[in-house]
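Let's take a walk through this fold together, strand by strand. Have the viewer ready and follow along.

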Amino acid sequence: IDGSFPDYKRVIPIDNTNILKINRDKLLSAVDRVSTIENEKSPVIKFKLLPNVLNLNTVNNESSTASEDLTINYEGDEIEIGFNSKYIMDMVNNLEDLEISINLKDNISPIIAQENSNSNLVYVLMPMRV
């Protein structure tokens, strides 16, 4: 294909040192449960990462809340970051390994999701402001 394309390497972060390892099915199920009450216009789900705990929560327009804690393998910085729940579910649905890795830098930088069996497959997801 003839044409000029953006440098994709500039979009993929290389300094995401906080690494979350999690069971893909457990993450997918938890996001699905918590997102049932989210605001349809802005489907934001907040991830709060603590040592070995991931808290997922959301609030809708009627001030209803949903929250769930997952036991995870995480020893990085405490990070609170928001995502569009549909994008998280799409990303996780396309990963096939039982355990996936999500690499984070901070609460405003893009994350990287990968599976161990295919290091060439890289998903990049931008966070939402919460």
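In this predicted model, strand S3 (residues 53-59) pairs with S4 in the antiparallel sense, over 7 bridges. To find one of the partnerships, look at Val-53, whose bridge partner in S4 is Thr-71. The two strands form a hairpin with 5 residues between them, and in the turn Ser-63 has a positive phi of about 65 degrees.

On to the next pairing: strand S2 (residues 44-50) and S3 are antiparallel too, with 5 bridges. Here Phe-47 has Leu-56 of S3 as its bridge partner.

Now for the whole sheet. It is open, has 4 strands in the order S4-S3-S2-S6, and its pairing is antiparallel. S4 and strand S6 (79-84) are the edge strands, each pairing on one side only. From one strand to the next, the twist averages 20 degrees.

Which helices lie across these strands? Helix H1 (residues 24-34) lies across S2, S3 and S4, and runs at about 165 degrees to S4. Helix H2 (residues 85-94) lies across S2 and S6, running at about 90 degrees to S6.

Strand S4 (residues 65-71) is worth a second look for its two faces: Ala-66, Glu-68 and Leu-70 make up the covered one, while Thr-65, Ser-67, Asp-69 and Thr-71 are on the uncovered one.

Finally, turn to strand S9 (residues 118-125), where Val-122 is found. Val-122 counts as partly exposed because its relative accessibility is 31%. Together with Val-11 and Val-124, Val-122 makes a nonpolar surface patch of about 200 Å².

Technical notes: Residues numbered from 1 in each chain as written. Predicted model: local features only at pLDDT ≥ 70, side-chain atom pairs only at ≥ 80, totals over all residues. Heavy atoms only, no water. Patch = residues over 30% accessible without salt bridge, like charges linked within 9 Å, V, L, I, M, F, W, Y side chains within 5 Å. Areas by Shrake-Rupley, 256 points an atom, 1.4 Å probe, with all protein chains shown as cover. Salt bridge = Lys/Arg side-chain N within 4 Å of Asp/Glu carboxyl O. Buried < 20%, exposed > 50% of the residue type's maximum accessible area, 1.4 Å probe, protein only. Pairing = 2+ DSSP bridges. Axes fitted to C-alpha atoms, helices over the stretch in contact; angles between N-to-C directions. Contact = heavy atoms within 4.5 Å.
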